[in-house]
Structures are given as structure tokens and as C-alpha cells.
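Visitor: I would like to understand the labels people attach to a structure. Could you take me through some of them?
Guide: Gladly; let us look at it together.

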Amino acid sequence: MELARAMNRNEEDAAVVLTPEHVPIRLNPAGLGTRFWATLLDAFIVMLVVTVLGGALMAVLPGAISASVMMVFAFVLKWGYDMYFEVRRQGQTPGKRLCGLRVVDRRGLPITFQQAFVRNIVRVLDFAPVFYGLGALVALCDRYGRRLGDIAAETLVVQERAARRDLETLSQERRFNSLREPRVLRRVRRLIGLEEREFLLALCARADRLKPEARFDLMEDVGSHYGRLLGIEEAGLSAENLVRGLLAVLYSESL
Amino acid sequence: MDIESFVRERRPRWGRLEQLLDEAERVPDRSFDPNKIQELVRSYRQACSDLNHARSLTADPVLLERLNLLTGRGYRYVYRNTRRQGLREALIALFFREIPQTFRQESLRVGVAAGAMVLGAVFGFVTVLVNPHHARDLIPAVFFAESPKQRVERIEKGEERITGVEEAASFSTMLFTHNIKVSFLAFSLGALTLVGGAWILFYNGVLLGAVAAQYFQDGVGTFFVAWVGPHGALELPAIIFSGAAGLRAGQALLMPGHRSIASSLRQALPRVRPMLLGTAAILVLAGLIEGSFSQFSAKTIPYSFKIAVAAALFILLLAYLFVGRGTWSSRAR
């Protein structure tokens, strides 16, 4: 458990829900960028539907009422689109689905109609003064990245694809490839067992919280041990980079 | 048990749970096989214990996150609230029971919201009556293109502004979509700041009072009442109602008392919904009146008739909302 906790770089950012089975589940709040793309996608879809279907309605209906029918249609679609999908499609509008986002209740449950209703009505305030200016500002300051509508309705937008990025950050694979030689790879697989693998993972996960001297010493010790073990001689490769590179190789199948 | 054999052994079960959840989210509850529901709940419980177990075995973020997401999905499905109504029953219940009952129950907040607007109106009216020059500080400049008297003369001498059904329909639609948006704004401000909601009501009251005072000073007060009355009798209460809904939500959010914010919101939000839907329905009606009936000048419909209609609409609205049997709390609990 301690290990798992150390693992989560953004532990403070995650909202933790305890299920009735007493299992803590983490909800990863979505970032502003992803939410922005999802919103843009949804806005585009609404616009497309209004133009195409609305145009068809205009053509079919008699002239006297077509303009007002069109306006009502656009209005209902604009406000109802998010509410409908968030209630009926497990918290995912098409845009959110494509971006891997989901709206959930603060307890991790699906949102109710009441919540979807309120969070989408408060959108009028989040949208002000220009394209979600206020909403974005509030989301930046909020611990869980909620906009005003989320705060008023006690909801949360979560990200469902965070893990891969976490491991990539920890192992910083891109920097480094001298471990990729077949000879070294074979030795890595043969000599480093499961327990050592977990140990390296925990070390990298906790590195950021160590004092600089302690971190340096620890990494030197571990790095020189594996350097000797694997027979790696490379000038200019710091011990920490060696450790992280090793981790990347060990977990390459899960990346 | 080491992590590799653990994963090898459990992976098929997780796959099965994923598959069951996919199906459960696609198929409506009624047609979902009961045996599969039981299997789903069993596999969910198993996944819960697997997640705990895995956390003690490994720090591998990919594996843990995958299990975390899977368990979270199962949790959302197993513990969700399933009560659903048909659309027709829901609409009947909404208009004949929920809307009036909620307003009756929330009459205190409706009173506070109405008080804020009336106070604003009195303030605006008196200020302008005492010193007409104050009008320029209170009212946006666009209203000063002509004096009230000139405006009334122009409207009464000229053609009717609205001449066809088409024009009335699109004008009405524009009005009510705009007004609904304004009511949403009043609600949001109230829900998040309380004071902001009261302020927007007060401010609109000031505008209304100041403009009214100008018309009365120019001796065309009757025109003003006949012009604004028929739709104002519905529109102004509607804005007040959305403000009251905002106060309800804001009180739950900002002053939850001894309970948690989440639980006080859970109690407040079901009341906010009928209040806002009621507001929107009233605003649609008000917009239709404003786009047609309100626009006719005395040449077509006499002032006295328009004022009588305004009074009748207002009384009907109050009767619908506030005269009735019991309240939500005494009946449903």
C-alpha cells in the first residue's frame, strides 16, 4: 500500500472514493487542455447538427413558423445536448468520449439528472466573459479542476487514460537507448528478478521527494551496482539516468 | 503469491468483467439477463479484492490504473441509482405536482427574491421622481434617444409594429430564448455567491422602476403599464423564481450548516430542477405574449383591456403556484 501511495506523483490531485467494499478508488481529475478539446468537439457536433437538421426543417416547414422552429431547435439542442448524453451515456458526451473524459459524481457514481441539469445551466456563467474564461480560471485554482458548474452540482470530470503517461514520465525512456543492445538486454532479463524490478520502480517513484544529497547517493549506489552487474561502461551517463533507463527496459512490455 | 502469477491467474476474470460491463451499459436494464447481473456483481467484488491485493504486490502504475478504472466502472454500475420514470408521467408530475409544490415549499426564498426586486424598483422609481437627472446615472444611454412622450406618440401614430404571424413568432422566440438565458444567469450567480443573485434582481428592479418613473413623469404612465404589463406579469415573477432557485442552491453550497456540502446539495438540487423548469415554461409563455399581444397599440386594443389581461395573468400564475393542497413535505414524507 505504501508503495502504491509513493507511486502516485499526483496523489494530492486525485480524489479518492472508498467503496462499500472498503476499496479506495482513485478518480483522476481531467486537465484543462483535454476538456478544452472535448468542448470544442461537442460545440462542432452541435453546430453541424443544427446546420444540417435545421436546414432540412427550414425546407420542410411552412415559412411562417420555420424561423422560430429553427431557433427553438437550436436552443434546445444547445442546452439539452450535454444533459442528455451526461445522463444517458454514463457521463460521456461524444466529445468527452473521444477525449477519454467522463463526468462523475463526487462519490464516483453516475451523475443524476438533477446534477447534469445544474452543471449545464451554470455553464452560462462559466462561459463568461469569452469562451469559458471564468470557468477555466476557476478550474485552474480548484484542487480537482472543477469549473463553477461542477462545484455547484458536486460533480467531477475525470480522465480515464492517465497511467501510461505516469510510467513514461518515471522512466524517461526517450533520453536513453544504450541499454537497448541485445547483449545487455539479455543480461537484464536474466539477472534482474521481480523483487528488484519493484524496488527500482519504487525508487524512481519516490526520487522527487528525497533530499538532493540522499537522492544522489542512493542513485549512485544503485546505479554503480547495476552498472557492474550488467557490464555497462559509458562515460557521461549519470547513475540516475541508468536506473531510469533500466526501469524503462524492464517495463517495456507494459508500456 | 508473486505478481506475475497473480496477473496470469486473474487476467481472464478482469476481461470477463469488462465484457459484462460493456454489455450492461449497452442493453437496457429490463432486457439484461438476471444471471449476468449476478455474475457481474460477483466479478466486481472479486475485482475489488484483486485491486487491494495488487496494491500490496506491485507499484506498476499501468496494472494498478487498469484495475482502478475497471473497479471504478463496476462501482458506478453496481451502486448507481436506477429509478426511472416514463417521459409522459414525468411531465405530468412535473407540471401538476412538482413545480407548484416546490414553489409553495420555497415561498420564503421566493419572498426574499421578490423583496430584492421590489426594493430595487421602489428605489429606482423614487430616485427618478425626486430628481429626474438621476435617471441618466441609473439607465443605460440607449434609452435616451427620445423622451417617453415622443416614443408613445410615434408608436400610437405609426403602423403596428408586429404585422404578421411570422414576425410575431420569430420575435417571441428571440425574446424567450434570451430571457431563459438571463434567468439561468440569475440562478448561477445566486447559486455560487448568494449576494450576486440578490444583486441582479435588485439591479433589474432599479432599471424597471427608473424607466417607469420617467414615463409617469411625462404623463404617459398608463401606456407604460399597458405595454409592459401583459408579459411583465409573467416575466418578472419568472426571473424572481430563478433567483429564488439560485438562493436555494447557494444556501446549500455556501451555508450547509452541520452537514457536508455534498449531502446538503443532494437535498437542494431536486428542488432546484422543478423551479428552473417552471421558470423556463413561464418565460416561453411570457415571450409569446410579449412578441404579439404586448406590442399592439391603443388603436387595436384599448389600454384598459391590456391591463385587465395583465392582472388576470398574474392572478392565474399565483393561483397555479401558491393556491393548492398541502405541500411537498406534508404529502410525500
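**How the labels are earned**

Guide: Of chain B's 333 residues, 47% count as buried. Please keep in mind that this is a predicted model.

Visitor: What makes a residue buried, B:Gly74 for instance?
Guide: The cut-off for buried is under 20% relative accessible area. B:Gly74 has a relative accessible area of 0%, so it is buried. You will find B:Gly74 in helix α3 of chain B, residues 61-78.

Visitor: Which residues does B:Gly74 touch, apart from its neighbours within four places in sequence?
Guide: B:Gly74 is in contact with B:Leu21 and B:Tyr44. B:Cys48 is 26 residues away from B:Gly74 in sequence, and their C-alpha atoms are 9.1 Å apart in space.

Visitor: How many helices and strands does chain B have?
Guide: Chain B has 13 helices and zero strands. Of its contacts between residues at least 6 apart in sequence, 79% join residues at least 24 apart. The accessible surface of chain B is about 16400 Å², and 62% of that belongs to carbon and sulfur atoms.

Visitor: Why is α4(B) called roughly perpendicular to α12(B)?
Guide: Helix α4 (residues 87-105) and helix α12 (residues 303-322) of chain B pack at an angle of about 90°, and their axes are 7 Å apart. Angles of 65 to 115 degrees count as roughly perpendicular, so α4(B) is roughly perpendicular to α12(B).

Visitor: Which residues meet there, and how do they divide into nonpolar, polar and charged?
Guide: From α4(B) come B:Phe95, B:Ile99, B:Pro100, B:Phe103 and B:Arg104, which meet B:Tyr320, B:Leu321 and B:Phe322 of α12(B). The residues of this contact divide into seven nonpolar, no polar and one charged.

Visitor: What makes α11(A) and α13(A) oblique to each other?
Guide: The axes of helix α11 (residues 194-206) and helix α13 (residues 239-250) of chain A come within 10 Å and cross at roughly 130°. Roughly perpendicular covers 65 to 115 degrees and roughly antiparallel begins over 145. The crossing of roughly 130° fits neither label, so α11(A) and α13(A) are oblique to each other. The crossing of α11(A) past α13(A) is left-handed.

Visitor: Which residues make that contact?
Guide: On the α11(A) side they are A:Arg197, A:Leu200, A:Leu201, A:Leu203 and A:Cys204, and on the α13(A) side A:Val243, A:Arg244, A:Leu246, A:Leu247 and A:Leu250. Here the division is eight nonpolar, no polar and two charged.

Visitor: How do you know whether A:Leu247 is buried or exposed?
Guide: A:Leu247, in helix α13 of chain A, has 0% relative accessibility and therefore counts as buried. A:Leu247 and A:Leu200 are 47 residues apart in sequence, yet 6.6 Å apart from C-alpha to C-alpha.

Visitor: Why does B:Leu194 count as buried at 18% relative accessibility?
Guide: Buried means under 20%, and 18% meets that cut-off, so B:Leu194 counts as buried. B:Leu194 sits in the loop between α8 (165-193) and α9 (195-217) of chain B. B:Leu194 also has a positive phi of about 60°, although it is not a glycine.

Visitor: What about A:Tyr132, and where is it found?
Guide: A:Tyr132 is in the loop of chain A between α6 (123-126) and α7 (133-141). A:Tyr132 is not a glycine, but its phi is positive, at about 60°. With a relative accessible area of 15%, under the 20% cut-off, A:Tyr132 is buried.

Terms used: Residues numbered from 1 in each chain as written. Chains lettered and ligands numbered in written order. Predicted model: local features only at pLDDT ≥ 70, side-chain atom pairs only at ≥ 80, totals over all residues. Heavy atoms only, no water. Helix = DSSP H or I, 4+ residues; strand = E, 2+ residues; numbered from the N terminus. Buried < 20%, exposed > 50% of the residue type's maximum accessible area, 1.4 Å probe, protein only. Contact = heavy atoms within 4.5 Å. Areas by Shrake-Rupley, 256 points an atom, 1.4 Å probe, with all protein chains shown as cover. Axes fitted to C-alpha atoms, helices over the stretch in contact; angles between N-to-C directions. Parallel < 35°, antiparallel > 145°, perpendicular 65-115°, else oblique. Left-handed = near helix turned anticlockwise from the far one by under 90°. Nonpolar A, V, L, I, M, F, W, Y, C, P; charged D, E, K, R; others polar.
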